[in-house]
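Trainee: I should like to take a close look at a single part of this model, namely the nine-stranded sheet and what is packed around it. Could you describe that part in a connected way?

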Amino acid sequence: MLSAASRSLRHGVSARSVAVLSQVRTKMTPAEALKTIESEQKKCDDALQALMKSKGDSFTFADAKDLFANDKELSAAVAKIRELDMDIEWSWSRMQSLHQSLTKPPLKVALTGAAGAIGYAMLFRIASGEMFGPTQPVQLSLLDLPAAQDALKGVMMELNDCAFPLLKGLTASASPETAFEGADYAVLVGAKPRGPGMERADLMAANAQIFSVQGKALNKVAKGAKVTVVGNPANTNSLIASANAPDMSPDQFTSMMRLDQSRAEHQLAAKAGVDVSAVQRLVVWGNHSASQYPDISHATINGKWAKDVVKDEAWLKNEFVPTVAKRGAEIIEARGASSAASAANAAVAHVRDWATGSEGRWVTMGVPSSDAYGIGPGIWYGVPVVCYPGGDYKRVGGLSIDPYSAEMMEKTRLELLEERDAVKDLLP
Ligand SMILES: NC(=O)c1ccc[n+]([C@@H]2O[C@H](COP(=O)([O-])OP(=O)(O)OC[C@H]3O[C@@H](n4cnc5c(N)ncnc54)[C@H](O)[C@@H]3O)[C@@H](O)[C@H]2O)c1
């Protein structure tokens, strides 16, 4: 049987639920009730985060359970939190989220191209809590061209009409410096999309200038921002933005490869006849372009090596790789416009994992390249990373690369070097 307090917590947030709880137990105000367990909550959070960091890829929830069971201080902290309610097992996490949403400062999220197709498919998901979690308030700052400001007004009306509890601020601007001011996260989507028959080189020339201006603006007004570039060519645009932001670490700039990863996961799962969640450790190396290399050499399907499950080299080379790599063009051909909802979904997933951690899962992000895997520095290259809560990521190292993979990885590397050469005038 649930206590009155638990029933109340189940049905409502904020003052109501904690008020019942506090009346039952302590006659404290909600804020006072939460205050009494603040240091215990912090102790538990810190211990969990330190454990996840030290365990890295091998972290599991069983490790967390062991830690809490075997550490006296932590057990006592959990007991104290539970003391507030007899049936607190589930409502502890509820209280924790209530506590957090009462006290967490909003994150400022700037989105460029906010009046465009991807922007429209993304904004409502950010405001609803899908990107930073259900307890993290956000302020949205929308950037688009002067001609799109009317359209932005309409988008803002719609956002307001959703009455999202987590949306604590909403502004629009046509000036990068105004829009980026103090941003914690910036998602750079705004660019000219590729239309039917448009060459990548034309697209690059049109878009390179945008990311040079925006890199400078970020450097001036949002030095701490974590930046995700979606606008194409996303990898080289990250390089341009980062090169124009000398006071920011290159690691603050990532390009989105997540759509390629999801596309590859779907193709592989469909071939193996399994649910997409059975696929892990799939990597997409290199550029977000037709030269990318979706690689299943390290992937598992329900814990077995994907190659042993699929056992079809010809399918891998002749169907899987080209289908994933050319999926963007196939979608443009079919709908007469570039992928928007799936791209928005991938951007939400990319930033969510970067900000809140990937729980040991490998995710592919375009990050500043290093000497690992013979890539060499100076380009933004898709590699597998593991993300940790708070915005840290670690590149997955030490993977063995077979000759076919090496050849494919080299091809996409050379394309990125060519792109870099094509925009060298914009690299200070
Ligand atoms: N990385 C990926 O996986 C991926 C996937 C799909 C699309 N994309 C790219 O995302 C970009 C946006 O696609 P979309 O479908 O939303 O296009 P869209 O044309 O619908 O929207 C683009 C928006 O950007 C705005 N914009 C243009 N220049 C701007 C600037 N300098 N500052 C601010 N805003 C500006 C436009 O006014 C427009 O509102 C394209 O470059 C597309 O190729 C990337």
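Mentor: The description below begins with the sheet and then turns to its helices, its loops and the ligand.

This is a predicted model, in which local features need pLDDT of at least 70, side-chain atom pairs count only at pLDDT 80 or more, and totals for chains, interfaces and linings use all residues. Residues are numbered from 1 along each chain as its sequence is written.

Nine strands form an open sheet with mixed pairing, and their order is β3-β2-β1-β4-β5-β6-β12-β13-β14. Here helices (H or I, at least four residues) and strands (E, at least two) are DSSP runs, numbered from the N terminus. Two strands pair if DSSP finds at least two bridges between them. At the edges stand β3 (167-173) and β14 (392-395); each has a single partner strand, so one side of each is left without a neighbour in the sheet. From one strand to the next, the twist averages 30°. Such angles run from 0 to 180 degrees between N-to-C directions, and axes are lines fitted to C-alpha atoms, for helices over the stretch in contact.

Within this sheet, strand β5 (residues 226-229) and strand β6 (residues 253-256) run parallel and are joined by three bridges. Val229 stands opposite Ser255 in β6.

Helices are packed on the sheet. Helix α8 touches β1 (107-112), β2 (138-143) and β3, and its direction makes about 165° with that of β2. Helix α13 touches β6 and β12 (363-368), and its direction makes about 150° with that of β12. Two residues are in contact if their C-beta atoms, placed from the backbone, lie within 7 Å.

Helix α13 (residues 258-272) also packs with helix α17 (residues 341-356), at an angle of about 110° and with their axes 8 Å apart. The two helices are therefore roughly perpendicular to each other; angles under 35 degrees count as roughly parallel, over 145 as roughly antiparallel, 65 to 115 as roughly perpendicular and the rest as oblique. On the α13 side the contact is made by Arg258, Leu259 and Ser262, and on the α17 side by Ser342, Ala343, Ala346, Ala349 and His350. By class, this contact has four nonpolar, three polar and one charged residues. Ala, Val, Leu, Ile, Met, Phe, Trp, Tyr, Cys and Pro count as nonpolar, Asp, Glu, Lys and Arg as charged, and the others, Gly among them, as polar.

The loop between β5 and α12 (234-243) contains Pro233. A cis peptide bond, with omega about 0°, joins Asn232 to Pro233. Most peptide bonds are trans.

Helix α8 (residues 117-127) leads back to the ligand: this helix gives the most to the surrounding shell, with three residues. In total 28 residues surround the ligand, and the closest are Gly113, Gly116, Ile118, Gly190 and Ala191. A residue is near a molecule if its C-beta atom, placed from the backbone, lies within 6 Å of it. The shell divides into 16 nonpolar, ten polar and two charged residues. Domain 2 (107-255) and domain 3 (258-426) each supply at least three residues to the shell, the domain bounds coming from an automatic or database domain assignment.
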